[in-house]
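Open the model in your viewer and keep the selection panel at hand. Each stop below says what to select and what is there.

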Amino acid sequence: MPGLGDPLVRVWVMNADGSDARAHARIRSRRGAIATARCHARPVWSSDDRSVTFTVGERGSVPIVRAQVAGKGVQTVVRGERQIISASMSPSAERIAFIASEFDNPSDMFVCDWNGSNEQRLTHVNAELLSQIAMPRVERRTFDTPNGQIEGWLVRPNADGPVPLLMDIHGGPHSYHGTGFASGYFYRYVLAGRGWSVLALNPTGSGSYGKVFAHDLRGRWGKHDLPEQLAALDALIAEGIADPERLAVAGYSYGGFMTTYTIAHCERYKAAVVGAPVTNLESFYGTSDIGMWFTPWEMQGELVSNRELFRRLSLIHFVENVTTPTLILHGESDDRCPIGQGEEFFVGLLAAGKVPTQMVRYPGGSHLFIIGGRPSHRVDFGQRVVDWVECYTQANVTM
(Lines give C-alpha, C1' and ligand atoms only; values in the text may rest on other atoms or scores of the structure.)
Protein backbone atom coordinates (compact mmCIF):
# COMPACT_ATOMS: atom_id res chain seq x y z
CA MET A 1 0.00 0.00 0.00
CA PRO A 2 1.21 3.58 -0.61
CA GLY A 3 2.74 5.30 2.39
CA LEU A 4 0.82 7.80 4.48
CA GLY A 5 1.14 11.07 2.62
CA ASP A 6 1.67 9.60 -0.84
CA PRO A 7 -0.53 11.79 -3.08
CA LEU A 8 -0.68 9.32 -5.98
CA VAL A 9 -4.02 7.54 -6.12
CA ARG A 10 -3.88 4.25 -8.01
CA VAL A 11 -6.49 1.77 -9.21
CA TRP A 12 -6.85 -1.29 -6.99
CA VAL A 13 -9.05 -4.37 -7.30
CA MET A 14 -10.01 -6.84 -4.59
CA ASN A 15 -12.58 -9.48 -3.75
CA ALA A 16 -15.91 -8.39 -2.30
CA ASP A 17 -14.80 -9.57 1.17
CA GLY A 18 -11.73 -7.30 0.99
CA SER A 19 -9.22 -10.06 0.33
CA ASP A 20 -6.60 -10.21 -2.42
CA ALA A 21 -6.27 -6.41 -2.77
CA ARG A 22 -3.81 -5.50 -5.51
CA ALA A 23 -2.91 -2.52 -7.63
CA HIS A 24 -3.19 -2.92 -11.36
CA ALA A 25 0.46 -3.37 -12.33
CA ARG A 26 0.33 -1.69 -15.75
CA ILE A 27 -1.41 1.42 -14.46
CA ARG A 28 0.93 1.62 -11.47
CA SER A 29 4.06 1.57 -13.58
CA ARG A 30 3.00 3.35 -16.76
CA ARG A 31 0.62 6.07 -15.75
CA GLY A 32 0.85 6.29 -12.01
CA ALA A 33 -2.32 8.00 -10.88
CA ILE A 34 -6.03 8.16 -11.42
CA ALA A 35 -6.86 11.81 -12.05
CA THR A 36 -9.15 12.30 -9.07
CA ALA A 37 -8.05 15.89 -8.58
CA ARG A 38 -9.04 16.78 -12.13
CA CYS A 39 -11.98 14.53 -12.92
CA HIS A 40 -15.19 13.69 -11.08
CA ALA A 41 -15.71 10.15 -12.37
CA ARG A 42 -15.59 6.91 -10.42
CA PRO A 43 -14.14 3.72 -11.95
CA VAL A 44 -16.86 1.72 -13.73
CA TRP A 45 -17.00 -2.07 -14.23
CA SER A 46 -17.84 -3.50 -17.64
CA SER A 47 -21.03 -5.55 -18.00
CA ASP A 48 -19.02 -8.78 -17.95
CA ASP A 49 -16.83 -7.65 -15.00
CA ARG A 50 -13.69 -8.25 -17.01
CA SER A 51 -12.51 -4.64 -17.23
CA VAL A 52 -12.65 -1.32 -15.40
CA THR A 53 -12.93 2.08 -17.09
CA PHE A 54 -11.63 5.25 -15.47
CA THR A 55 -9.59 8.40 -16.04
CA VAL A 56 -5.85 8.84 -15.57
CA GLY A 57 -3.37 11.66 -15.74
CA GLU A 58 -0.94 11.01 -18.58
CA ARG A 59 1.70 13.56 -19.65
CA GLY A 60 -0.53 16.50 -18.79
CA SER A 61 -3.63 15.12 -20.45
CA VAL A 62 -6.51 13.25 -18.81
CA PRO A 63 -7.85 10.47 -21.05
CA ILE A 64 -10.37 7.73 -20.29
CA VAL A 65 -8.74 4.29 -20.26
CA ARG A 66 -9.91 0.71 -19.83
CA ALA A 67 -7.90 -1.91 -17.93
CA GLN A 68 -8.39 -5.66 -18.20
CA VAL A 69 -8.61 -7.00 -14.66
CA ALA A 70 -7.24 -10.48 -15.37
CA GLY A 71 -4.33 -9.29 -17.49
CA LYS A 72 -2.11 -6.29 -18.00
CA GLY A 73 -3.79 -4.84 -21.05
CA VAL A 74 -4.76 -1.16 -20.96
CA GLN A 75 -6.39 0.66 -23.84
CA THR A 76 -7.10 4.35 -24.23
CA VAL A 77 -10.79 4.84 -24.93
CA VAL A 78 -11.09 8.63 -25.10
CA ARG A 79 -7.87 10.43 -26.02
CA GLY A 80 -6.64 13.78 -27.30
CA GLU A 81 -4.79 16.91 -26.19
CA ARG A 82 -7.41 17.66 -23.53
CA GLN A 83 -8.45 16.85 -19.99
CA ILE A 84 -11.62 14.93 -19.16
CA ILE A 85 -12.96 16.82 -16.14
CA SER A 86 -16.19 14.85 -15.62
CA ALA A 87 -17.60 11.61 -17.05
CA SER A 88 -20.68 9.40 -16.80
CA MET A 89 -20.13 5.89 -18.13
CA SER A 90 -22.89 3.34 -18.78
CA PRO A 91 -21.72 -0.15 -19.77
CA SER A 92 -25.32 -1.36 -20.12
CA ALA A 93 -26.10 1.39 -22.63
CA GLU A 94 -22.58 1.08 -24.08
CA ARG A 95 -22.21 4.86 -24.04
CA ILE A 96 -19.97 7.42 -22.37
CA ALA A 97 -20.81 11.06 -21.72
CA PHE A 98 -17.98 13.34 -20.69
CA ILE A 99 -17.00 16.96 -20.25
CA ALA A 100 -13.62 17.91 -21.70
CA SER A 101 -11.46 20.99 -21.28
CA GLU A 102 -8.85 22.19 -23.78
CA PHE A 103 -6.21 24.93 -23.90
CA ASP A 104 -8.53 27.30 -25.69
CA ASN A 105 -11.92 26.15 -24.42
CA PRO A 106 -13.03 25.95 -20.76
CA SER A 107 -15.30 22.93 -21.30
CA ASP A 108 -17.96 21.28 -23.44
CA MET A 109 -19.95 18.05 -23.34
CA PHE A 110 -19.33 15.07 -25.60
CA VAL A 111 -20.75 11.55 -26.04
CA CYS A 112 -19.26 8.46 -27.61
CA ASP A 113 -19.74 4.72 -27.87
CA TRP A 114 -18.31 2.40 -25.21
CA ASN A 115 -15.20 1.81 -27.32
CA GLY A 116 -14.67 5.55 -27.86
CA SER A 117 -15.94 5.63 -31.45
CA ASN A 118 -18.60 7.93 -32.91
CA GLU A 119 -17.66 10.84 -30.69
CA GLN A 120 -20.08 13.78 -30.87
CA ARG A 121 -19.83 17.23 -29.39
CA LEU A 122 -23.12 18.27 -27.81
CA THR A 123 -22.42 21.82 -26.65
CA HIS A 124 -20.55 24.97 -27.64
CA VAL A 125 -21.06 26.80 -24.36
CA ASN A 126 -18.49 29.55 -24.83
CA ALA A 127 -18.57 29.83 -28.62
CA GLU A 128 -19.85 33.42 -28.75
CA LEU A 129 -17.34 34.70 -26.20
CA LEU A 130 -14.40 32.80 -27.65
CA SER A 131 -15.16 34.13 -31.13
CA GLN A 132 -14.41 37.62 -29.82
CA ILE A 133 -11.04 36.75 -28.25
CA ALA A 134 -7.68 36.25 -29.92
CA MET A 135 -6.42 33.21 -28.02
CA PRO A 136 -2.65 32.72 -27.63
CA ARG A 137 -0.60 30.02 -29.25
CA VAL A 138 0.08 27.09 -26.92
CA GLU A 139 2.88 24.60 -27.65
CA ARG A 140 3.84 21.38 -25.89
CA ARG A 141 7.61 21.53 -25.50
CA THR A 142 10.36 19.16 -24.33
CA PHE A 143 13.48 20.51 -22.62
CA ASP A 144 16.84 18.94 -21.78
CA THR A 145 17.85 19.52 -18.15
CA PRO A 146 20.62 18.33 -15.80
CA ASN A 147 18.20 15.64 -14.59
CA GLY A 148 16.92 14.48 -17.97
CA GLN A 149 14.10 15.66 -20.21
CA ILE A 150 10.97 17.37 -18.93
CA GLU A 151 7.86 18.62 -20.67
CA GLY A 152 6.03 21.90 -20.49
CA TRP A 153 3.61 24.20 -22.24
CA LEU A 154 4.65 27.49 -23.77
CA VAL A 155 1.89 30.07 -24.06
CA ARG A 156 2.95 32.59 -26.71
CA PRO A 157 1.58 35.93 -27.85
CA ASN A 158 0.70 36.65 -31.44
CA ALA A 159 4.12 38.24 -31.89
CA ASP A 160 7.63 37.09 -32.71
CA GLY A 161 11.03 37.97 -31.28
CA PRO A 162 12.22 38.07 -27.65
CA VAL A 163 9.32 38.96 -25.36
CA PRO A 164 8.89 39.15 -21.57
CA LEU A 165 8.29 35.74 -20.03
CA LEU A 166 6.57 34.50 -16.88
CA MET A 167 7.71 31.21 -15.35
CA ASP A 168 4.46 29.84 -13.87
CA ILE A 169 5.10 27.03 -11.34
CA HIS A 170 2.39 24.51 -10.41
CA GLY A 171 1.45 23.30 -6.95
CA GLY A 172 1.29 19.93 -5.32
CA PRO A 173 4.19 19.40 -5.73
CA HIS A 174 2.64 16.42 -7.53
CA SER A 175 0.05 18.32 -9.48
CA TYR A 176 0.83 19.11 -13.10
CA HIS A 177 0.34 21.60 -15.87
CA GLY A 178 -1.45 20.21 -18.86
CA THR A 179 -3.74 20.38 -21.82
CA GLY A 180 -6.84 21.80 -20.12
CA PHE A 181 -8.03 25.37 -19.82
CA ALA A 182 -6.10 27.23 -17.13
CA SER A 183 -9.03 27.84 -14.79
CA GLY A 184 -7.91 30.07 -11.94
CA TYR A 185 -4.89 31.23 -13.91
CA PHE A 186 -6.54 33.63 -16.35
CA TYR A 187 -3.55 35.93 -16.08
CA ARG A 188 -1.78 33.63 -18.55
CA TYR A 189 -4.24 34.60 -21.28
CA VAL A 190 -4.18 38.26 -20.27
CA LEU A 191 -0.39 38.40 -20.32
CA ALA A 192 -0.24 36.67 -23.70
CA GLY A 193 -2.64 39.28 -25.02
CA ARG A 194 -0.26 41.96 -23.72
CA GLY A 195 2.79 40.56 -25.45
CA TRP A 196 4.11 38.04 -22.89
CA SER A 197 5.01 34.38 -23.10
CA VAL A 198 4.20 32.08 -20.17
CA LEU A 199 6.12 28.86 -19.50
CA ALA A 200 4.28 26.16 -17.52
CA LEU A 201 6.66 23.27 -16.83
CA ASN A 202 6.23 19.78 -15.41
CA PRO A 203 9.59 19.28 -13.65
CA THR A 204 10.54 16.32 -11.49
CA GLY A 205 7.82 15.67 -8.94
CA SER A 206 4.94 16.42 -11.29
CA GLY A 207 2.04 14.00 -11.56
CA SER A 208 0.89 12.24 -14.75
CA TYR A 209 4.37 10.86 -15.55
CA GLY A 210 4.35 7.84 -13.26
CA LYS A 211 5.29 7.01 -9.70
CA VAL A 212 9.09 7.18 -10.00
CA PHE A 213 9.06 10.63 -11.59
CA ALA A 214 6.62 11.98 -9.00
CA HIS A 215 8.42 10.53 -5.98
CA ASP A 216 11.89 11.58 -7.13
CA LEU A 217 11.41 15.07 -5.66
CA ARG A 218 10.88 13.88 -2.07
CA GLY A 219 13.43 15.42 0.29
CA ARG A 220 14.78 17.58 -2.57
CA TRP A 221 12.25 20.38 -2.88
CA GLY A 222 13.73 23.26 -4.84
CA LYS A 223 17.26 21.90 -5.03
CA HIS A 224 16.29 19.31 -7.65
CA ASP A 225 13.66 21.15 -9.71
CA LEU A 226 15.10 24.68 -9.87
CA PRO A 227 17.98 23.63 -12.20
CA GLU A 228 15.41 22.00 -14.48
CA GLN A 229 13.35 25.17 -14.68
CA LEU A 230 16.41 27.33 -15.34
CA ALA A 231 17.58 24.98 -18.09
CA ALA A 232 14.22 25.35 -19.86
CA LEU A 233 14.42 29.11 -19.43
CA ASP A 234 17.93 29.18 -20.93
CA ALA A 235 16.69 27.20 -23.93
CA LEU A 236 13.95 29.74 -24.66
CA ILE A 237 16.42 32.62 -24.31
CA ALA A 238 18.81 30.89 -26.72
CA GLU A 239 15.94 30.43 -29.20
CA GLY A 240 15.20 34.14 -29.09
CA ILE A 241 11.75 33.60 -27.56
CA ALA A 242 12.35 35.02 -24.06
CA ASP A 243 13.93 38.38 -23.25
CA PRO A 244 16.50 37.72 -20.48
CA GLU A 245 16.03 41.26 -19.15
CA ARG A 246 12.26 40.91 -18.70
CA LEU A 247 11.65 37.73 -16.72
CA ALA A 248 9.11 37.11 -13.94
CA VAL A 249 8.24 34.10 -11.80
CA ALA A 250 5.00 33.12 -10.09
CA GLY A 251 3.52 30.09 -8.40
CA TYR A 252 0.76 28.95 -6.06
CA SER A 253 0.90 26.51 -3.11
CA TYR A 254 3.99 24.38 -3.80
CA GLY A 255 4.49 26.80 -6.67
CA GLY A 256 4.54 29.53 -4.01
CA PHE A 257 7.25 27.60 -2.17
CA MET A 258 9.21 27.23 -5.40
CA THR A 259 8.86 30.91 -6.21
CA THR A 260 10.35 31.82 -2.83
CA TYR A 261 13.06 29.19 -3.30
CA THR A 262 13.84 30.58 -6.75
CA ILE A 263 14.20 34.22 -5.69
CA ALA A 264 16.26 33.24 -2.62
CA HIS A 265 18.72 31.30 -4.81
CA CYS A 266 18.58 33.17 -8.12
CA GLU A 267 18.70 36.83 -9.19
CA ARG A 268 17.52 36.45 -12.77
CA TYR A 269 13.91 37.48 -12.28
CA LYS A 270 12.73 41.09 -12.16
CA ALA A 271 9.40 40.33 -10.43
CA ALA A 272 7.89 37.53 -8.35
CA VAL A 273 4.33 36.68 -7.29
CA VAL A 274 4.05 34.21 -4.39
CA GLY A 275 0.63 32.61 -3.95
CA ALA A 276 -0.34 30.71 -0.76
CA PRO A 277 3.19 29.47 -0.11
CA VAL A 278 4.93 27.14 2.30
CA THR A 279 7.84 29.15 3.70
CA ASN A 280 8.49 27.49 7.06
CA LEU A 281 8.20 23.70 7.12
CA GLU A 282 8.44 23.54 10.91
CA SER A 283 5.39 25.74 11.50
CA PHE A 284 3.63 24.23 8.46
CA TYR A 285 3.99 20.80 10.09
CA GLY A 286 1.95 21.91 13.09
CA THR A 287 -0.60 24.27 11.50
CA SER A 288 -1.54 22.88 8.08
CA ASP A 289 -4.51 20.51 7.82
CA ILE A 290 -2.15 18.00 6.15
CA GLY A 291 1.10 19.02 7.85
CA MET A 292 1.50 16.16 10.30
CA TRP A 293 1.36 13.41 7.65
CA PHE A 294 2.14 15.09 4.32
CA THR A 295 5.33 16.80 5.49
CA PRO A 296 7.09 13.68 6.86
CA TRP A 297 6.24 11.86 3.63
CA GLU A 298 7.69 14.61 1.46
CA MET A 299 10.74 15.17 3.67
CA GLN A 300 11.29 11.43 4.12
CA GLY A 301 11.36 11.71 7.88
CA GLU A 302 9.65 13.15 10.93
CA LEU A 303 10.30 16.69 12.11
CA VAL A 304 11.95 15.59 15.36
CA SER A 305 14.46 13.36 13.55
CA ASN A 306 14.92 15.39 10.38
CA ARG A 307 14.90 18.97 11.64
CA GLU A 308 18.01 20.05 9.69
CA LEU A 309 16.35 19.28 6.34
CA PHE A 310 13.10 20.98 7.41
CA ARG A 311 15.06 24.14 8.18
CA ARG A 312 17.27 23.99 5.08
CA LEU A 313 14.17 23.91 2.88
CA SER A 314 12.35 26.64 4.83
CA LEU A 315 12.79 29.84 2.86
CA ILE A 316 12.08 32.04 5.87
CA HIS A 317 15.72 31.34 6.82
CA PHE A 318 16.97 32.79 3.52
CA VAL A 319 14.64 35.75 3.11
CA GLU A 320 17.51 38.24 3.37
CA ASN A 321 18.92 36.84 0.10
CA VAL A 322 15.92 38.01 -1.94
CA THR A 323 16.63 40.80 -4.44
CA THR A 324 13.42 40.42 -6.49
CA PRO A 325 10.36 42.67 -5.92
CA THR A 326 7.83 40.28 -4.40
CA LEU A 327 4.02 40.26 -4.16
CA ILE A 328 2.38 37.75 -1.78
CA LEU A 329 -1.28 36.76 -2.31
CA HIS A 330 -3.01 34.59 0.32
CA GLY A 331 -6.50 33.59 1.43
CA GLU A 332 -7.22 34.30 5.10
CA SER A 333 -9.09 30.99 5.59
CA ASP A 334 -6.47 28.79 3.97
CA ASP A 335 -6.13 25.61 6.03
CA ARG A 336 -3.77 23.86 3.62
CA CYS A 337 -1.05 26.51 3.53
CA PRO A 338 -2.12 28.72 6.46
CA ILE A 339 -1.84 32.45 5.98
CA GLY A 340 0.92 32.57 8.59
CA GLN A 341 3.21 31.06 5.96
CA GLY A 342 2.75 34.09 3.73
CA GLU A 343 2.89 36.48 6.69
CA GLU A 344 6.22 35.11 7.88
CA PHE A 345 7.82 35.67 4.51
CA PHE A 346 6.26 39.11 4.05
CA VAL A 347 7.47 40.34 7.43
CA GLY A 348 10.87 38.81 6.72
CA LEU A 349 11.11 40.79 3.48
CA LEU A 350 10.12 43.95 5.32
CA ALA A 351 12.75 43.31 7.98
CA ALA A 352 15.44 42.65 5.38
CA GLY A 353 14.46 45.92 3.69
CA LYS A 354 16.00 45.11 0.33
CA VAL A 355 13.08 44.93 -2.11
CA PRO A 356 9.62 46.37 -2.75
CA THR A 357 7.04 44.00 -1.34
CA GLN A 358 3.29 43.82 -0.77
CA MET A 359 0.94 41.28 0.76
CA VAL A 360 -2.75 40.99 -0.10
CA ARG A 361 -5.13 39.03 2.16
CA TYR A 362 -8.42 37.69 0.76
CA PRO A 363 -11.10 37.54 3.52
CA GLY A 364 -12.72 34.10 3.68
CA GLY A 365 -10.45 32.79 0.95
CA SER A 366 -9.69 29.06 1.17
CA HIS A 367 -6.64 27.43 -0.36
CA LEU A 368 -8.39 27.11 -3.73
CA PHE A 369 -10.16 30.46 -3.72
CA ILE A 370 -8.46 31.28 -7.04
CA ILE A 371 -10.55 28.50 -8.65
CA GLY A 372 -13.77 28.40 -6.63
CA GLY A 373 -13.75 31.53 -4.48
CA ARG A 374 -15.59 34.81 -4.82
CA PRO A 375 -15.54 36.07 -8.42
CA SER A 376 -14.36 39.48 -7.20
CA HIS A 377 -11.40 37.84 -5.44
CA ARG A 378 -10.52 35.77 -8.48
CA VAL A 379 -10.57 38.80 -10.75
CA ASP A 380 -8.50 40.77 -8.27
CA PHE A 381 -5.96 37.96 -7.96
CA GLY A 382 -5.37 37.77 -11.70
CA GLN A 383 -5.21 41.53 -12.12
CA ARG A 384 -2.63 41.89 -9.36
CA VAL A 385 -0.39 39.27 -10.96
CA VAL A 386 -0.49 41.12 -14.28
CA ASP A 387 0.04 44.56 -12.73
CA TRP A 388 2.96 43.43 -10.54
CA VAL A 389 4.98 41.62 -13.18
CA GLU A 390 4.45 44.37 -15.75
CA CYS A 391 5.41 47.06 -13.27
CA TYR A 392 8.71 45.51 -12.25
CA THR A 393 9.77 44.19 -15.64
CA GLN A 394 8.92 47.56 -17.21
CA ALA A 395 7.30 45.63 -20.01
CA ASN A 396 3.87 47.19 -20.35
CA VAL A 397 3.33 46.00 -23.90
CA THR A 398 -0.06 46.22 -25.53
CA MET A 399 -0.57 44.10 -28.64
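Start at the hairpin: two residues link β11 to β12. Strands here are DSSP runs (E, at least two residues) and helices are DSSP runs too (H or I, at least four residues), numbered from the N terminus. Select residues 137-145 for β11 and 148-156 for β12; the two strands run antiparallel and are joined by nine bridges. Strands count as paired if DSSP finds at least two bridges between them. For one facing pair, pick Glu139, which stands opposite Leu154 in β12.

A word on the model before moving on. It is predicted, so local features need pLDDT of at least 70 and side-chain atom pairs count only at pLDDT 80 or more, while totals for chains, interfaces and linings use all residues. Residues are numbered from 1 along each chain as its sequence is written, and side-chain values use heavy atoms, with hydrogens and water left out.

**Two open sheets**

Go to the sheet ordered β3-β4-β5-β6. It is open, has four strands and pairs antiparallel. Its edges are β3 (44-45) and β6 (74-78); each has a single partner strand, so one side of each lacks a neighbour in the sheet. Now select β5, residues 64-68: four bridges tie β5 to β6, and the pair runs antiparallel. Ile64 faces Val78 of β6.

Next comes another open sheet of four strands, in the order β7-β8-β9-β10, again with antiparallel pairing. Colour β7 (83-90) and β10 (120-121): these are the edge strands, each pairing on one side only. Then select β8 (residues 95-102) and β9 (residues 105-113), an antiparallel pair with seven bridges. Phe98 has Phe110 of β9 as its bridge partner. While side chains are on display, recall that in a regular strand they alternate between the two faces of the sheet.

**Strand β15 and its partners**

Select residues 242-252. This is β15, and nine of its 11 residues are buried. Buried means under 20% relative accessible area, exposed over 50%, and partly exposed in between, with a 1.4 Å probe and protein chains only. Add β13, residues 163-169: six bridges join β13 to β15, and the two run parallel. Leu166 has Ala248 of β15 as its bridge partner. Now add β16, residues 271-275, which is parallel to β15 and joined to it by five bridges.

Stay in β15 and centre on Ala250. Ala250 has a relative accessible area of 3%, so this residue is buried. Its bridge partner in β16 is Val273. Which residues does Ala250 touch, not counting residues up to four places away in sequence? Leu166, Met167, Asp168, Ile169, Thr259 and Val273. Contact here means heavy atoms within 4.5 Å. Draw a C-alpha distance from Ala250 to Thr260: it is 9.1 Å, across 10 residues of sequence.

**Helices α5 and α6**

Two packed helices are described by the angle and the distance between their axes. Select α5, residues 225-238, and α6: their axes come within 11 Å and cross at roughly 75°. Axes are lines fitted to C-alpha atoms, for helices over the stretch in contact, with angles from 0 to 180 degrees between N-to-C directions. The two helices are therefore roughly perpendicular, a label that covers 65 to 115 degrees; under 35 is roughly parallel, over 145 roughly antiparallel, and the rest oblique. Show the contact residues: Asp225, Leu226 and Gln229 of α5, with Tyr254, Met258, Tyr261, Thr262 and His265 of α6.

**The cores**

Finish inside. A nonpolar core is a set of buried Ala, Val, Leu, Ile, Met, Phe, Trp, Tyr and Cys residues joined through side-chain atoms within 4.5 Å. The largest has 52 residues, and Leu199 and Trp221 have the most contacts inside it. Helix α6 (residues 254-265) gives the most to this core, with six residues. Centre on Leu199; not counting residues up to four places away in sequence, its contacts include Phe143, Trp153, Leu165 and Ala232.

A second, separate core has 28 residues, among them Tyr185, Tyr187, Ala276 and Trp388. Select Tyr187, in helix α3 (residues 187-193). Tyr187 is buried, at 4% relative accessibility. Beyond four places in sequence, Tyr187 touches Leu166, Asp168, Phe381, Gly382, Val385 and Val386.
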